Amino acid sequence: TVDCIPLIASSIMSKKLATGSDAICLDVKFGSGAFFEKPEDARKLAKAMVEIGTLMNRNTKALLTNMDQPLGKAIGNSLEVKEAIATLKGNGPSDLLELCLQAGSLMLVQAEVATNKKEARERLLKTIEDGSALGHDYKSVPEKPAKCEEPGKKAYYDCSRCDSISLNGTEECTEADLVINP
């Protein structure tokens, strides 16, 4: 990597912008484990990337985070995935949880799902506590055909974590959406 902030910023942001997202949250690292050791250099990179995103009409924000120590405890892809899942269950290392809460809070505010970072953080912690941070755990339920005078149900997916239902396993629906009339 070349030590040239405009080149680094444009390279990173071209990839972020290519995703088509309306909002972009950047975690810009500094410290001994990062490209830039000094926070002021990382801040310059963050500022340049936010400017590029803003010029492209994207709601772009950046976090500056310290990489003097490794994040979490796991090393290697599969172990890091296990650690991320443990964090979503509320059992991960505190430094990883804190970074997830900071970035996640910022993203919820950017998406206008929360009005401020405090509210966003509380919502995120609630999803960890109630298990919904892991997403849905859908199980397939087969169709129950309608009978002469008794309605049936379309095949659907039932979430064991939150009791939501879905026709396609991605979008929630209501019981009324499942009805098959005779």
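V28 of strand β1 stands opposite L64 in strand β2, where strands are DSSP runs of E with at least two residues and helices are runs of H or I with at least four residues, both numbered from the N terminus. In the same pairing, L26 has A62 of β2 as its bridge partner. The model examined here is predicted, so local features need pLDDT of at least 70 and side-chain atom pairs count only at pLDDT 80 or more, while totals for chains, interfaces and linings use all residues. Residues are numbered from 1 along each chain as its sequence is written, and side-chain values use heavy atoms, with hydrogens and water left out.

Strands β1 (residues 23-30) and β2 (residues 59-66) run parallel and are joined by 8 bridges; two strands count as paired if DSSP finds at least two bridges between them. In a regular strand the side chains alternate between the two faces of the sheet. Strand β1 shows this alternation: I24, L26, V28 and F30 point to one face and are buried, whereas A23, C25, D27 and K29 point to the other and are not. Buried here means under 20% relative accessible area, exposed means over 50%, and partly exposed lies in between (1.4 Å probe, protein chains only). Together with helix α2 (residues 39-55), β1 and β2 make a right-handed β-α-β unit; right-handed means that, with the strands pointing away from the viewer, the path from the first strand over the helix to the second runs clockwise.

A second group of strands forms an open sheet of 4 strands, in the order β3-β5-β6-β7 with antiparallel pairing. Because β3 and β7 (172-173) stand at the edges with a single partner strand each, one side of each is left without a neighbour in the sheet. Strand β3 pairs with β5 (residues 156-159) over 4 bridges in the antiparallel sense, and V141 has Y156 in β5 as its bridge partner.

The loop between β3 (138-141) and β4 (152-153) holds E149. This residue is exposed, with a relative accessible area of 78%. E149 and M49 lie 100 residues apart in sequence and 63 Å apart in space, C-alpha to C-alpha. Elsewhere, helix α3 (residues 77-88) is followed by G90, whose phi is positive, near 90°.
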